[in-house]
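Good morning. Please have the sequence and the structure open while I talk. I will go through a sheet and then a ligand site.

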Amino acid sequence: MKILSIESSCDETAAAVVEDGRKVLSNIVASQIDEHRLYGGVVPEIASRRHVESISGVTSEAMKEASCGIEDIDAIAVTYAPGLIGALLVGVSFAKGLSMSSGKPLIPVHHIAGHIAANYISHPDLEPPFLCLVISGGHSHIVEVSGYTKYRVIGRTRDDAAGECFDKVARVLGFPYPGGKYIDDAAKSGSKTAYKFTNPKVSGCEYDFSFSGLKTAVINLVHNAEQRGEEINRCDVAASFEKTVADILGEKLMAAAKATGYKKLVVAGGVSANTGIRSKMKKISDALGAELYLPEMKYCGDNAAMIGAQGYYDFLAGRRADGSLNAAATLSLEDICL
Ligand code: KG4
Ligand code: ZN
């Protein structure tokens, strides 16, 4: 079964053709980052406008690269939540139009479910149940994935998401937006022990995260050094910060894996591209005697192939939408279980 998938939840306009949820026939991503970088973050109005300009061309390119005409496509999958509402609406409206004109079924896909499904592409043997750490620009979750469309969120961030924290720390260090990748690169030539940042205590739920205290600690460190006219070594700050984030994520995932007994650990979302976090996850899965699944780098960030992968399993579970489909800026994974 071939699915044409469309993703426009933030600042990437993307389309893909995916066969049977696992085989990527094409995966086209048009990034708007260069333009948003001028403003230090994503400007929602600009994002929506660029999606409108790009979506038709990106979709045609995905179809061409997969050597498909619309008659070869069995269904159309689209990200409808969560994300920037104006950006989501571009993809949703476009997909609805395509579905209506072609008569192909429409499948609404949750963006975070898509990030998790990126691992089905990278690991043909991976099947639920498993425990998943979702770390993206807007979300940090520990999720029990008990089936292809069944989720229980057992840990979440109380404040900033992991990616948001990377981006804000990168900004104070003078790196361009989005700064996660720059921190990753700088950390490679810095010392992880140059600065000691405290690992935050989160009361209540053992698996919940908090990143705002860490973010503030780094910002204060940089500002205090500036006021005293001292030079700080950006690479050392990046390495020490990245290590602290990796330790926090590793500690929580380890505790959750021990308590739930899962022996399959999966990581998903843009921040899963981080070198320090990837190697920390390997260490904790080895210590637990668990299998670790990480998405290939090209499927860590936003893309439409992951939406096509999840769309396939949503389709099999009977999820369909019609012309009344709307986008939603927020929507919990737990509210879309089938
Ligand atoms: O999943 P994603 O592409 O978009 C959302 O759904 O939010 O995640 C984007 C986030 C950004 O915060 C970006 O800085 C971060 O992923 N990111 C990284 C790396 N590559 C991307 N963070 C740390 N290290 C990286 N190598
Ligand atoms: Zn994303």
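β7 and β8 form a hairpin, with two residues between the strands. This is a predicted model, so please keep that in mind throughout. The two strands of the hairpin pair in the antiparallel sense, and six bridges join them. To find one of these bridges on your screen, go to Val145, whose partner in β8 is Tyr151.

Now zoom out to the sheet. What is the order of the strands in this open sheet of five? It reads β8-β7-β6-β9-β10, and the pairing is mixed. β8, residues 150–156, and β10, residues 291–293, stand at the edges; each has a single partner strand, so one side of each is left without a neighbour in the sheet. On average, neighbouring strands here are turned by 25 degrees against each other, direction ignored.

Since you are looking at strands, one general point. In a regular strand the side chains alternate between the two faces of the sheet.

Next, the pairing of β6 with β9. β6 covers residues 130–135 and β9 covers residues 264–268. These two run parallel, and four bridges join them. Leu131 is a good place to look: its bridge partner in β9 is Leu265.

Which helix lies across β6, β7, β8 and β9? That is α8, residues 234–260, and it runs at about 160 degrees to β6.

Now to ligand 1. There are 19 residues around it, and those that come nearest are His115, Gly137, Asp167, Asp184 and Gly270. How do the residues of this shell divide into nonpolar, polar and charged? Four are nonpolar, eleven are polar and four are charged.

Three backbone contacts are worth finding on the screen. A polar backbone atom of Gly163 is 3.2 Å from an oxygen atom of ligand 1. For Gly180, the distance from a polar backbone atom to an oxygen atom of the ligand is also 3.2 Å. For Asp302, again from a polar backbone atom to a ligand oxygen, it is 3.3 Å.

How much of the ligand is covered? On its own, ligand 1 has 560 Å² of accessible area, and the protein covers 85% of that. As for where the shell comes from, the elements that give two or more residues to it are α4 (111–122), α5 (162–172) and α6 (180–187).

That is the end of my part. Thank you.

Definitions and conventions: Residues are numbered from 1 along each chain as its sequence is written. Chains are lettered from A and ligands numbered from 1 in the order in which they are written. This is a predicted model: local features need pLDDT of at least 70, side-chain atom pairs count only at pLDDT 80 or more; totals for chains, interfaces and linings use all residues. Side-chain values use heavy atoms; hydrogens and water are left out. Two strands pair if DSSP finds at least two bridges between them. Axes are lines fitted to C-alpha atoms, for helices over the stretch in contact, and angles run from 0 to 180 degrees between N-to-C directions. Contact means heavy atoms within 4.5 Å. A residue is near a molecule or strand if one of its heavy atoms lies within 4 Å of it. A polar contact is a pair of N or O atoms within 3.5 Å; within protein, one must be able to donate a hydrogen and the other to accept it, and residues adjacent in sequence count only if both atoms are side-chain atoms. Accessible areas come from the Shrake-Rupley method with a 1.4 Å probe; for residues, only the protein chains shown count as cover. Ala, Val, Leu, Ile, Met, Phe, Trp, Tyr, Cys and Pro count as nonpolar, Asp, Glu, Lys and Arg as charged, and the others, Gly among them, as polar.
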